Structure formats: C-alpha cells, structure tokens
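User: I should like to work through a structure by way of short questions on its fold, its core and its charged pairs. Please show the sequence and the model before we begin.

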Amino acid sequence: AVLNRQRRMRGAGGAAQRLRRKINTQGGSSCMGCGTWHPAPSIRIDHVVTIGSGGTDQDDNVQPLCLSCHRIKTRQEQVGHHLDLDPNPLPRLTNT
C-alpha cells in the first residue's frame, strides 16, 4: 500500500514534495485549517482528498496543516471513511 501511494504521488507531479520544499525554505507556513503560522517542523503536508480515496498529488489537492489540525482531519477521515462523510472536514482558507 505504501509503495503504491508513493508511485501515485511521483506519477502525479510531486505537489506534496514541492510544497514541503517551499515551506522548509520559508521556515514555516500558515495552517490552512486554523490560519496560525507554524515553523516548518510543525507543518504536515496534507492531501485534501487522500491518495487512498482517489485524490491526486496535484497543487490543488495539497495543503499545509499544523500538527493539531492534521490530527483532527485524520481522525475525521477515518470516521468519515466508514460513514461516507465529507473527505475534507476542515474548511480551506484561501491564500491571501
């Protein structure tokens, strides 16, 4: 499963890797969940629609989330996967 995910991510253009490099270069990022700025080590690169749920590794499907928001979204996705809920439980902030 992990190898298939890695292959899909590489084949789809590497948006998660590009965003990670950008955040590392900037030293951090604002979380798209809560809007708070966090240093790079505290940011997780999140796929809005998970790769496992058919999402892609394209720019419009990746977002920076702080550890707390990423944990919340992951838990909600795990519950939602079984209940057929919205795969993106956190609202997305617009880039300003």
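Analyst: The questions and answers below concern this predicted model.

User: In what order do the elements of the protein run from the N terminus on?

Analyst: The predicted model holds three helices and four strands. Read from the N terminus, these elements run in the order α-α-β-β-β-β-α.

User: What share of the contacts with a separation of 6 or more do residues 24 or more positions apart account for?

Analyst: The protein has 96 residues, of which buried residues make up 35%. Among its contacts with a separation of 6 or more, the share from residues 24 or more positions apart is 55%.

User: What part of the accessible surface belongs to carbon and sulfur atoms?

Analyst: The accessible surface of the protein comes to about 6,100 Å². The part of that area belonging to carbon and sulfur atoms is 54%.

User: Which element supplies the largest share of the largest nonpolar core?

Analyst: The largest nonpolar core consists of eight residues: A15, A16, L19, I23, A40, I43, I45 and V62. Both α2 and β3 supply at least two of these residues. With four residues, the largest share comes from α2.

User: Why might nonpolar residues be found together in such a core?

Analyst: The core here includes L19, I45 and V62. In soluble globular proteins, nonpolar side chains have a tendency to be buried together.

User: Which residues does L19 touch, leaving out those up to four places away in sequence?

Analyst: L19 is one of the residues of the largest nonpolar core, as are I45 and V62. With residues up to four places away in sequence set aside, L19 touches I45, V62, Q63 and P64.

User: Which residue in β4 does I45 stand opposite?

Analyst: Strands β3 and β4 run antiparallel and are joined by five bridges. Four of the five residues of β3 are buried, so this strand is largely enclosed by the rest of the structure. Opposite I45, in β4, stands P64.

User: How far away from C31 is the nearest cysteine sulfur?

Analyst: The structure holds zero disulfides. C31 is in no disulfide, although C69 supplies its nearest cysteine sulfur. A disulfide would require the two sulfur atoms to lie within 2.5 Å, whereas the sulfur of C69 is away from that of C31 by 3.7 Å.

User: Are C31 and C69 buried or exposed?

Analyst: A residue is buried when its relative accessible area is under 20%. C31 has a relative accessibility of 0%, and C69 has one of 8%. Both values fall under that cut-off, so C31 and C69 count as buried.

User: How many salt bridges are counted?

Analyst: The rule asks for a side-chain nitrogen of Lys or Arg within 4 Å of a carboxyl oxygen of Asp or Glu. D59 with R18, K73 with D46 and E77 with K73 form such pairs. The count comes to three.

User: How many residues apart are the partners D59 and R18?

Analyst: D59 and R18 form a salt bridge whose closest N and O atoms are 2.9 Å apart. This pair links distant parts of the chain, with D59 in the loop between β3 and β4 and R18 in helix α2. Along the chain, the residues apart number 41.

User: Is D59 buried or exposed?

Analyst: Its partner R18 is partly exposed, at a relative accessible area of 35%. For D59 the relative accessibility is 52%. Exposed means over 50%, so D59 counts as exposed.

User: Which strand holds D46, the salt-bridge partner of K73?

Analyst: In the bridge between K73 and D46, the closest N and O atoms are 2.9 Å apart. The pair links distant parts of the chain, 27 residues apart, with K73 in helix α3. D46 lies in strand β3.

User: Which residues are joined into one network by salt bridges that share partners?

Analyst: The side chains of E77 and K73 meet in a salt bridge at 2.4 Å, N to O, and both residues lie in helix α3, four residues apart. The relative accessible area is 0% for K73 and 15% for E77, and the relative accessibility of D46 is 5%, so each of them counts as buried. The salt bridges share partners and form one network of D46, K73 and E77.

Methods:
Residues numbered from 1 in each chain as written. Predicted model: local features only at pLDDT ≥ 70, side-chain atom pairs only at ≥ 80, totals over all residues. Heavy atoms only, no water. Helix = DSSP H or I, 4+ residues; strand = E, 2+ residues; numbered from the N terminus. Buried < 20%, exposed > 50% of the residue type's maximum accessible area, 1.4 Å probe, protein only. Core = buried A, V, L, I, M, F, W, Y, C linked by side-chain atoms within 4.5 Å. Contact = heavy atoms within 4.5 Å. Pairing = 2+ DSSP bridges. Areas by Shrake-Rupley, 256 points an atom, 1.4 Å probe, with all protein chains shown as cover.
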